[in-house]
Structure formats: structure tokens, C-alpha cells
Amino acid sequence: MPLGCLTGNGKAEAVEGCYTYQRRGLKEELFPNLIEEKAVKSGSIPFPDGSLTDGDEASMVGWSGDTLGEIGVDIAVEFKKPYFIDRVVVVQDVRRREGQVTSALNGLWVYARRNPEEGYRLVGRLETSLPGEPITEERVSVNVGLEASSLIVRLDSFNRSLILKELEVWGSSLDEPRLFPIPQRMEMGPEGEAFKLAEMKGVLVGREASDDTLFAAELLVEKLSEDFGVRIPVLREREAGIRVGVVALGKPGECSLVDGEPSLKADKPEGYALKVERERVLLKALDRRGLVYGVEALLQLFWLSGEKMEAEACLIEDYPRMAIRGVHFGIPPREEIPFIKRMIRYLLAPMRMNTIFLQVTAGMKFDRRPEINEAWERANKKAARGEAPPVPHGDMVGGGSYLTKEEVRDLVEYARKYGFEVIPEVQSLSHVQYLTITYPEIAEKAEGEEKREYYYDCYCPLHPESRKIVFDMIDEVVEVFKPLRYVHMGHDEAYTMAVCERCKGKSRAELYAKDVNEIYRYLKSKGLGMMIWADMLQPFRWYSAAEAIDAIPKDIIMLDFVWYFRLDEDIEDHLLQHGFKVIMGNFYSSHYTRFTSRSAKPGVIGAEVSTWCRTDEYTLAAKGKLYDFIYSANMIWTSHYSDELRWTMDRMITKLIPRIRSKLGGKVYPSQLKDAEFKPIDLSKVYTSTLRDESGWKGGFDLSTLPKGEERLGGIPFKLGGGLVVVEGESVKDQRYPSEVSIPVDDKLESVVFLHTCSMKSVRRKIIGRYTVEYEDGSTVDVKAEYGWNVAEWNRRHADPLIHTVHRHQGYITTYAVDPLWQGKTSTGQDVTLYGYEWINPHSEKTIRRIKVSAGEDTDSALILVAVTGVKKRGCR
């Protein structure tokens, strides 16, 4: 099904559609007069035939400046049916003469309509800041992010000539993607044919099924019971004698029903082949990972079918784009171990991640050197009391404490069950404050230097005790983790080197290489390879030891993470040219550029998403990491990823988030239950604003394009009227709205869904307002509207990355606790997003008398409540 470049352009098979050239706003044609369209001189041009959509940039079109003047030209694009339009890309040929731009765009506007009965509306634009100033980028993109069957792409060159190479429209059919991560190949079967859960009799495995197959079979059985209440057995093929109404799975040679299907081709590691028919489902894979991924694909098909509880007939052949698909986090606090296990089971494994880089620091008990744990815990407690600076990575690893070896071993073994390779990271040379606190004598510091108020970041690589300590730690880590191939040894950001008496006069490269090589040899003696962060070998970092690049072994795997300081360069080339294999380190989907071309380079073997924060649900979600895991997983897995499909991917992720949120949080959201009864609450009597506010410097808002009346958004009915409940604090200059409003309820509710937004950008965790739920007995519960967690500004597109590099480690906001229940455009093409936040009532047995909406006290961003719906159990009054 269509997913990608809808117009073809040599990147995909074009969908049915055409384009033509018209005078601005008129039906009259305005075909190119400087470089003519190759297909026709008049009329509509089918996508495969046109100069702009054939994929050949040499077949250009052009208009003279005299022809376009200051009016420009419209390119009218027509599709046979509606598609989700992600963005429009224009590739222009910018020309100059004597230093002056003579051919270039001045502005680009996109108008859209879903069907011929509607009028066109502005949905996106790109203009220069000064009148007449040229846009000199060759590839120009405008985000759209909505469904449409017709587009007007309006181009203005401000009296210059205009020469175009390509016009690309990116997006998908309305039912794509059907699975996430997107399979490499998915062919749908006959329309209407599906395998129904209600008719399922069991999961069939071969008589000599492997442990891998049995694990996958039991996983399927367990999750079908959890998610759908369907309880079925695991059956052995010969004894059962059943070939209909089953899911048969196995490795090659294990199950005759699976082996007998010639269309099932699973010949790649971690890949799987899945065939869904009306009477049965067949799943084949070479290994445990492939079987688990196939099971998760089937479960997602069932889940996405909603109340139908069926999987559409299809044939899937799937396998990974990259070999290493990882996440990096610290050993969790003891109380968060259950959450980490849920994250592995319900997010990381279903998203096809296969590697966990687990930072140890002092987060695991060391029997040989218990003083490391004791000093670590003592320093973190002291910092928590405000008596010392925070310990670097103190909250991130062990919550400032440490786990027993048994607890760590149990977590590692749990991850391995789901096919994960767990690679321990033992920070060494640098970021070793946990060691220099314990052993101050090994700290790299200048002779006579007074004790710092903060901690020493590096150890002396020539001190005789430094590597003895590291080797002792390696021994215990290897004993507990039993790593399959690698140990990650850190070695990043070694800021303090060559200052102590032992090291003075030696080069940073010499010292760095000595430490790396000795640890490398020690790991080699244990049959293990080494990974390190790569920044010390990148010459543009001020602290680097770049000359060491030819002094260390080439089979050390490099995690290259400082790419975000050189977004316009492919910095990995420096490492690849010196013979190293590279993993994209600190890989963040919000910021990584040119992924498609860079990931295809020989020697680039994977990517890992880092967290650099405490590993609990709230922190990971608030910093955008859980969303980043999901988005990044698709990039790393599928060959169908493109940077031009961001909103297409987000559209699919927003379908998955509610279920993932429920599983990770261990909560049942009443609105998702089959017996849910909804009570939309009428706010019309307490409105404090119209749908539009044009109050200049205070930001203003425009929600005038919202639908009216009772509308279902995300399956939840809301009453949408001609006004809003807007509150702002009394400390706001020129206060226009009340600081508090009361909404009568007088009912027992299982949960309340607030449909809201806010007027302006704020800072993470800022309380924009509160919903105080008051019960009939006078007791209350406060529900916070917290910026970046469950509310964001009205004109921010959901999951729009915070692209400045300062936000690189937390590039998304408001992507987990809420759902974007309505996304649209203003009359001027601005994005509009309304967030639905479901608060679960802890006292559902009590009648809620009212809900008080109040503003935050120290913010100029107003809370905007659009609608409220209560959720009841059917039959309850």
C-alpha cells in the first residue's frame, strides 16, 4: 500500500494522480515558458510522465521573471482519492549571475482540501523574513500533516525566473502504516478475509519444538489472555491433530504445517515470515528474536482491529535494517525494577530493539571492593541533603544507591529471555567520579591542587592502582552479566588529562591509548570485545586525543555520539576511514540528520538511544525518551523510513501510545473499556472566552476551526461549543481572564478526560493550571496541568521536535501522558493541537460535586479548557 513519495519521483511507485500549472487562484493555465514541461503543453500531467515527478532532476521546468512577476504560479495536484499528506517538497535550481540570485523562490504556500465539495484552505507555508528575499536552499519543504485529495502548491519568485527540478508529495494511504515498526514487505490478502480470535483453538508447535519456539508460543498465549481475555493452550502438532483455527509457529524443520507453506521465507537472522489466512496463522523464524517479533506483529494486528478482534489476511516478510538496535540506561533504582521489566516486555521487545547498554557505575554491589558502593551511596545522600554538589550520574544509576548482584543478574536474565543482548558499561578513565570519591589518590589532578568543590572526573592512567581497580570491577561485572560479546568501557569526555606529576609532559593521545590498550587486552584475555564512546578520537572536540586513532585496535566498536555538535557533517566518516565499526551513539530521532544515507554506510552497524536520566516512567516520559524509543526503533528497523514521513510515523505512534501507557503504568484506563459509558459535560454556562484571542504580546490563540457540537475525538464524545474556559493567574499583566472557574458535575465517575491546551510555550514541569476535583464530602484531589507532561501550547504540532541542540537529550514534549485528540489548522495555516488527558478517579465511589479550574500562579501561559467528558461504568448512575 502507498507509503512514501506519493508522486513517485523515482523513489516509489506513484499513486494515481496528476498535476497542472495555473495562474494564481485561477483556472487559466500557466505552463512553463522558459524550460517547457516535457509531457504535454496543456492539460493534466500524470505523475509518471511529468517533468516534476519522474525522478529525473535533469528534466526541469522554468518560467521567466517577466511571466511570474510578483504573482507567481500555482501547481494544482489531484489525487484519485484522499491520502494523508505529510509534506510537500520542491526542489529548485537556484541560479546566480555576478553574485546576484537570478532564479529562486521567494515563498511557498500549500492549500488543501479533502474532497471537491470543500473549499481549499491554507495548510502550510514558507516565506522569507524580508520582502523579495530569495530562498536559496535547493530542497524546500513545507509540513502539511492532514488528509487531502487536492493540493495547490503556490510559488512566488518576486520578479525572478523560477526553475524547478522536482515536486514531491510525501505521505501514505489512510490505512498505512498497518504495523509498527513498518515491515520490509507486507502484502494484504483478499479484502474481508481475516483470522478471528474468537475461533482460535490454540498455538501449535512441533513435537520437538525448541526452547525459543516454546517461549514465543507461551508469550503469545500470555498476551492474548492479558489483552483480549482469550485463553488458549499451546498444542503439540502430532498429538493435537488440528490444522484449522491455530497459530502455528516454529523454526525451520520444527513444525510441518509451517514448513509446508512455500510462501514463508525466513532466511535472515532476527527476521520472520508471517502468513495470516482465514483458517490459520503461520509464523516462521530462524531464531528467538524473529519468533518474538513475529508474535508481536500478530498481536499488534489483533489490537489495531479494535472490537473486531481479528487479524486481516496478509503475508509479511520482515527483517532488520541494522544489526544493533539499542537503548542505554543506568542500573535502575530497586523500586523501578518492575517498571524496567514492563518496559522490556511491552515496549522495547515489541519495537524490535535487541540491545540494552546497562551502565553500571557503582550501581551494582562489588564484593571485592564494597567501599566503592559505600562511598557512592554516602556521597549521593550528602548531595541530596544539599551538603555537596550532585554526584554526576548519581540519580541516573541505582537512584544514588546500588543493587545486589542477584538483582542485577535477574534483570539481565529477564532481558535475555526476550532476545536482548545486555552490554554492561563500566565507566573508566573518565566520568569516574564514583572512583575518585572512593580512591582520591588515583584522581588526575595537578600537584598541590586544592581539593575541588566538585568531583574529579578522571583517574590517572599511569597510577599503578587505577587499572587494578577497573580490572577487579570488570571481573565482577563479567561474572554477573555473562556478556556474549562486548563490554562497554566508557572513555568519553576525558576533560582532565596530563596534569599530575606522573602524566605531565605526555600527550593526551599517548595516555588515552595506553589506558584503552591495556583494558582491551584484559577483555581479550576473557574472550570479550571492547566498545567505547568515540568523541576522544574526533579532532574537533577541544579535549580530544585524536592522534590516538592509529594507536588502538581497529576491532574496538565506536559509539559516535558527538554528531549533534556537527549536524551538517557526517563525522562518522573519520572513524570509518580509519577502519573502525561505528554505532550511532546517543541516537535521538528528534535531532539526527541524514539518517537514511548515513545508516547505509559500510561499517555503520547500529544505533543506540540514550536516556541520561533516572529510569522511571515519569522521568523517561517527561523527557520524551519513551516516544524517542518508539520513533527511533522504526528508523533503525525498517528500510521504509524517510525523514519526510515524520507526521506519518507520528500518526501511527499515537495509535500505539495508549496501550503502551496502560501496560507500562500498570493502569486500566476506563475510557478504553468495552463497558465504558461517556458523559460529556456542558461547559457553555461557564465559558470565559470565545474561540479566538488576538491579544498581541500575550500570545493569543485561534481555535476557531474546531468542529462544533458533539464530536467523537479518539473514540471519546465531547461537547464542543462556541467558547472556551480560559484561566490565567492574577500575577499576569493585563489580566483578561479569571483565575478560577467552577464546573458543576454532580455524578460518580470512573475517570475524567480533559480536552485542553495552553496559550503559550513555557518550561518543562511548569504548572500551567490545576483541576481541583471536589467530592460531596468536601474532600478534594488536585490534578495538575503540567507543561511538557500533559499540556502544551495550542499551536505546537504533536511530537514536533525541539530541534535546538540544547534539547538533544530530551527532544520531545507532551508525547506520552496525553493523546493528541484533535489536530488541525488555522485559517492562516498554523498547526492546532488539542490534548486529551484522562485522569483516573481514585474515589470513584464518591459523587464529584464540581471541578474547579484554576490558573498557575507564576506563568503567563493561560490554561485553555475546550471540553470535559466523564467516564462511567455502563449501568452506573
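Is Ser861 buried or exposed, and at what relative accessibility? At 2% relative accessibility, Ser861 counts as buried (under 20% relative accessible area with a 1.4 Å probe, protein chains only). This is a predicted model, in which local features need pLDDT of at least 70, side-chain atom pairs count only at pLDDT 80 or more, and totals for chains, interfaces and linings use all residues. Residues are numbered from 1 along each chain as its sequence is written, and side-chain values use heavy atoms, leaving out hydrogens and water.

**Around Ser861**
- You will find Ser861 in the loop between β42 (847-855) and β43 (863-873).
- A polar atom of the Ser861 side chain lies 2.8 Å from the backbone oxygen of Met760.
- Leaving aside residues up to four places away in sequence, Ser861 touches (heavy atoms within 4.5 Å) Cys758, Ser759, Met760 and Ile768.

**Helix α8**
- Helix α8 (residues 405-417) has 13 residues and reaches 18 Å from its first C-alpha to its last, close to the 18 Å expected at 1.5 Å a residue (1.5 Å times one less than the number of residues).
- Its buried residues are Lys405, Val408, Leu411, Val412, Tyr414 and Ala415.
- The cover over these buried residues includes α6 (337-348), β22 (355-359), β23 (421-428) and α10.
- After α8 comes Gly419, with a positive phi near 90 degrees.

**Helices α10 and α11**
- The axes (lines fitted to C-alpha atoms over the stretch in contact) of α10 (residues 466-481) and α11 (residues 508-525) come within 11 Å and cross at roughly 35 degrees, on a scale from 0 to 180 degrees between N-to-C directions.
- Arg467, Val470, Phe471, Ile474 and Asp475 in α10 meet Lys514, Asp515, Glu518, Ile519, Tyr522 and Leu523 in α11.

How values were computed:
Helices (H or I, at least four residues) and strands (E, at least two) are DSSP runs, numbered from the N terminus. Buried means under 20% relative accessible area, exposed over 50%, partly exposed in between (1.4 Å probe, protein chains only). A polar contact is a pair of N or O atoms within 3.5 Å; within protein, one must be able to donate a hydrogen and the other to accept it, and residues adjacent in sequence count only if both atoms are side-chain atoms.
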